[in-house]
Amino acid sequence: MVFTYESVNDALNAHHPQLSGYWSVLGWDDNVATVTYMLEATGEDVTVTVDRNGVVTAPDVLIAEMDEIQRLDDAWLNRG
């Protein structure tokens, strides 16, 4: 995969839909894209990586937070 804003965001979205919208810093070198998120619960910065094969590695605590955001989004959309 060639790293671009779009290709990294697409890989993040494929891993979890909320990952493509909540990051604070995005960058890459020749081998890996690095994406930084701030956890809402603690304010701690955590890092996600995307390799050249599009494989996303994310901490479980971040995925749990993204799952909760998705749950709330789904509840809002299905409130009717």
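1. In this predicted model, strands β1 and β2 make up a hairpin, and three residues lie between the two strands. β1 covers residues 25-28 and β2 covers residues 32-38; the two run antiparallel and are joined by four bridges. To find one of these pairings in the structure, start from W28, whose bridge partner in β2 is A33.

2. The strand β2 also pairs with β3, residues 45-51, again in the antiparallel sense, and here the pairing extends over seven bridges. A useful residue to look for is Y37, which has V46 in β3 as its bridge partner. The hairpin of β2 and β3 has six residues between its strands, and in this hairpin G43 takes a positive phi near 80°.

3. Turning from the strands to the interior, the largest nonpolar core has 18 residues, and those that touch the most other members are L12, L19, Y37, V48 and L62. Two or more residues are given to this core by each of the elements α1 (5-15), β2, β3 and α2 (60-77), with α2 providing the largest share, four residues. As general background, nonpolar side chains in soluble globular proteins tend to be buried together.

4. Which residues is Y37 in contact with, leaving aside its neighbours within four places in sequence? They are L12, L19, Y22, W23, S24, E44, D45, V46, V48 and L62. This list includes V46, the bridge partner of Y37 in β3, and it also includes L12, L19, V48 and L62, which are named with Y37 among the core residues that touch the most other members.

Technical notes
Residues numbered from 1 in each chain as written. Predicted model: local features only at pLDDT ≥ 70, side-chain atom pairs only at ≥ 80, totals over all residues. Heavy atoms only, no water. Pairing = 2+ DSSP bridges. Core = buried A, V, L, I, M, F, W, Y, C linked by side-chain atoms within 4.5 Å. Buried < 20%, exposed > 50% of the residue type's maximum accessible area, 1.4 Å probe, protein only. Contact = heavy atoms within 4.5 Å.
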